[in-house]
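Student: I've got a model open and want to talk through how some of its helices pack. Can we go through the reasoning step by step?

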Amino acid sequence: MYIPKIDFQLMIDSIPFLLTGLPYTIGISVVTFLMGNVLGILLTVLGMLPSKVIKGFVRFYISFLRGVPGLVLLFLLYFGLPYQLSALTAACICFSLTSSAFIAEIYRGSIAGVDAGQWDAAYALGLPFGKVMRKIILPQAFRISIPALGNVAMDLLKGTSLAAMITIPDIFQKAKIVGGRTFDYMTMYILVAVMYWLLCVAIGWGQSWLERHYINRYKGKSEVRT
């Protein structure tokens, strides 16, 4: 019976090579998370407009991109278009679009969780819709959405490993290269799994810091009011 063994020396020796792919993994994750937030907020606002056509488009966009596997959309953008996108461009567009659909739903739920009295008070002061959203509603919705956004960021980070399928030299692609050269995929995949886990731990720390920051911020405001 074959029992796979982990080559710890190979792990140690391969770490510098895998780290050369870290800028791609982190860079794609950060760019697409930011773009996903911009698109997600835009979709949320559009979905609140009275136009049935716009609302229908937003519902279709969110439903379609939440239902299509990321790998299918990635291959469609990279292999299926009549003109060739670069691998990096295709990956950024793919992950920005898919994340925006999930983020839009997060913000929609978060905005619904803001007390209705906030809207009434803002409109009573004569503030326009745009200013109400920007100054009053969205900051509170963001605070509510932090845990869910943290999950999206982690899923997005892990999902960038799909970019290796179109030759993006991220940490997963680097692990595949070493695994193919040494015929020891078990060791390399365990190493890259640990690296993704550590990156997700870092995101979790950032999420916890933001939660504490907003708790202290709003606690301080409430103490001032009292």
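Student: At what angle do helix α5 and helix α7 pack, and how far apart are their axes?
Tutor: Bear in mind that this is a predicted model. Helix α5 (residues 87-112) and helix α7 (residues 129-159) pack at about 140°, and their axes are 8 Å apart.

Student: Why is α5 called oblique to α7?
Tutor: Roughly antiparallel needs an angle over 145, and roughly perpendicular covers 65 to 115. The pair sits at about 140°, so α5 counts as oblique to α7.

Student: Is that crossing left-handed or right-handed?
Tutor: Right-handed, as α5 passes α7.

Student: Which residues make the contact?
Tutor: From α5, they include F95, I103 and Y107. From α7, M133, F142 and L156 are among them.

Student: What makes up that contact by class?
Tutor: There are 15 nonpolar and four polar residues, with no charged ones.

Student: And what about helix α1 and helix α8: why are they called oblique?
Tutor: Helix α1 (residues 8-19) and helix α8 (residues 171-182) pack at about 135°, with axes 10 Å apart. An angle of about 135° is outside 65 to 115 and not over 145, so the two are oblique to each other. Their crossing is right-handed.

Student: Which residues meet there, and how do they divide by class?
Tutor: L10, S14, F17 and L18 of α1 meet I171, K174, A175, I177, V178 and T182 of α8. That gives seven nonpolar, two polar and one charged. K174 is part of that contact, and Lys counts as charged.

Conventions. Residues numbered from 1 in each chain as written. Predicted model: local features only at pLDDT ≥ 70, side-chain atom pairs only at ≥ 80, totals over all residues. Heavy atoms only, no water. Axes fitted to C-alpha atoms, helices over the stretch in contact; angles between N-to-C directions. Helix = DSSP H or I, 4+ residues; strand = E, 2+ residues; numbered from the N terminus. Parallel < 35°, antiparallel > 145°, perpendicular 65-115°, else oblique. Left-handed = near helix turned anticlockwise from the far one by under 90°. Contact = heavy atoms within 4.5 Å.
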